[in-house]
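Thanks for coming, everyone. I'll put the structure up and then walk through a few places in it.

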Amino acid sequence: MGPSNPTPVAPLSPRPLSFVASPCVAVPQVTSAVGSTVAPYHQGPMTIPPTSELPDTMLVRGGQPVDGEIHVRGSKNALPKAMVAALLTVEPCRLTNISAITDIAVVDELISIAGGTVVHENDTVIITAHEFRALADDDVMRLHAASRIPVLTTAVSLHRTGHAVVAAPGGCSIGPRPVDFHLNVLRAFGARDIHREDIIELHVDRMRGARIELPFPSVGATEQFLFASVLAEGDSELSNAAIEPEILDLIAVLQKMGAIISVEPNRTIRVTGVSELGGFEHRVIGDRLEAASWASLALATGGTITVHGVQQQLLSTFLNMYRRAGGDFKIDADGDTLTFHRARRMLRPLALETDVHPGFMTDWQSPFVTALTQADGVSVVHETVYEDRLGYTDALRSLGAQIQVFTECLGPTRCRFGAANHRHSAVVVGPTKLHGAELVVPDLRAGFSYVIAAAAADGESLIHGVDLLDRGYADFRSKLSAVGVEHR
Ligand code: UD1
């Protein structure tokens, strides 16, 4: 059966750029590196809960030389999706280059509850989903609150049982993280949804090929499309799809399983559904997010860090910005060992805009911007992927950083957040001498940024909530020791 008509989703209409002063502040005007005079958005003081309520606390002593080597394993944004792919077949599936991060434990639990088996051996996991039962409401509520991954099993559950349950998803606290694109994708394949309080039930007899256009190239919605289309009846097409390296790694896994998928120019993915999929063996790509975080630590502190286990190609946009900011790197012949260091005494300021791949990744933004507090001049940052990924700058200000956040689009792209008054642009004035402070980690990447700032600061910083870093940085504390960041 051929694809049905494309399912339109409301287009995003950007608003003309205008800089409007926030009514709640009386702070000096700032001239940005993009040549406009802007008024800053109000930033209030940070509230820190009493230390006794926060057991996972780390003391970091800053100002020490940073030097050492770390090994990065399978990507946090690729590995759990390959585990979800394994649920599309009854045959055993073997993944290597596994890292010990929270999302893996969440997917392990989900697979066990659904009736499959998961066996971990060193850096390998073998998954056999000989059975798959749809999750009960309370399991869905608990697992979805712990991670963004369980929502990706919705299409799998629809294929294998004819129904699925979705809850308001959890993950990092970086904006509302809606699932409307996911639901629209599944509706296009024929799923019907019933809403009751915090739960959405979905039902389908048989998913059928669909043509869909995403309003934004969402990584998760593209993955949901892939999981739905590979076993749907007939052909499917997704336009405005995400094409992040982690998506291409998932496509490689699905192709090994027997799926027929082509990635066409202009962000279009075409899939011809097959009746069944088989097992696979796959080594997951290295984590480009983690590599960039450690590279940013070297940049901010003027140290040297060697990162093993991530391919240069996965980082090319980051590496260009790294060099522009005054960092440099050496890469070995295989392209998977990179040594990062600061090449100039003073870093250079930049205008930086995050974007979908191949743009500058949003997860690289907070560690890299933390390093820009040490640049000699005014840097301008425009976050276009998440509306609320600059909250960490409040905490950096408490260490002495000069950062102001704005609701306007301070970059060449008029993104969807300008019109909605989200605090999504920042002006960073450097270089600033940072001093120790007490901080609370709100999300994964912000947490690493606090550690960078604390390591670059004079004196000691007390960081609460460091357990959140285990979500994306396996063996975080031992890696910190390996590069010489003094902590306890
Ligand atoms: C994934 C990554 C995350 C990364 C992000 C963008 C994982 C586990 N996480 O998150 O680290 O920062 O891609 O590269 O892989 N949106 C909607 N409705 C939806 C879905 C998304 O409005 O139904 C919006 C989001 O609010 C956000 C944007 O689309 O503003 C991009 O989100 P998306 O690409 O889906 O991110 P995730 O897949 O959740």
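Let's start with the small sheet, where Val166 stands opposite Ile200 in β11. Before going on, the housekeeping: this is a predicted model, where local features need pLDDT of at least 70 and side-chain atom pairs count only at pLDDT 80 or more, while totals for chains, interfaces and linings use all residues. Residue numbers start from 1 along each chain as its sequence is written. When I say helix or strand, I mean DSSP runs numbered from the N terminus: H or I with at least four residues for helices, E with at least two for strands. Strands count as paired if DSSP finds at least two bridges between them.

So, that sheet is open, with three strands in the order β9-β11-β10 and antiparallel pairing. β9 and β10 are at the edges with a single partner strand each, so one side of each has no neighbour in the sheet. From one strand to the next the twist averages 20°; axes here are lines fitted to C-alpha atoms, for helices over the stretch in contact, and angles run from 0 to 180 degrees between N-to-C directions. Helix α3 (residues 137-146) packs on this sheet, touching β9 and β11, and its direction makes about 45° with that of β9. Contact means C-beta atoms, placed from the backbone, within 7 Å.

Which residues of β11 are buried? Ile200 and Leu202, which point to one face, are buried, while Ile199, Glu201 and His203 point to the other and are not. The cut-off for buried is 20 or more other C-beta atoms within 10 Å of the residue's own, for exposed 12 or fewer, and partly exposed is in between, again with C-beta atoms placed from the backbone.

On the other side of the pairing, five bridges join β10 (residues 192-196) to β11. Arg192 sits opposite His203, and Arg196 has Ile199 as its bridge partner. Their hairpin has two residues between the strands, and Glu197 takes a positive phi near 40° there.

Next, the other sheet. This one is open too, four strands in the order β24-β25-β4-β26, with mixed pairing. β24 (438-440) and β26 (486-487) are the edges, each with a single partner strand, so one side of each is left without a neighbour in the sheet. Helix α12 (residues 444-456) packs on this sheet, touching β4 (57-61), β24 and β25, and its direction makes about 165° with that of β25.

Now some backbone oddities. Most residues other than glycine have a negative phi, and most peptide bonds are trans. Asn266, though, has phi near 60°, and Arg267 has a positive phi of about 55°. Asn266 is in the loop between β14 (260-264) and β15 (268-272), and Arg267 lies in the loop between β14 and β15. Asn266 counts as exposed because it has 7 C-beta neighbours inside 10 Å; Arg267, with 18, is partly exposed. There are cis peptide bonds as well: one joins His357 and Pro358, omega about 10°, and one joins Gly430 and Pro431, omega about -5°.

Last, the ligand. Which residues come nearest? Of the 20 around the ligand, they are Asn77, Phe181, Ser218, Val219 and Gly220. Around means that the C-beta atom, placed from the backbone, is within 6 Å. Two or more shell residues come from each of α5 (180-188), α6 (219-229) and α10 (362-372).

Methods
Two residues are in contact if their C-beta atoms, placed from the backbone, lie within 7 Å.
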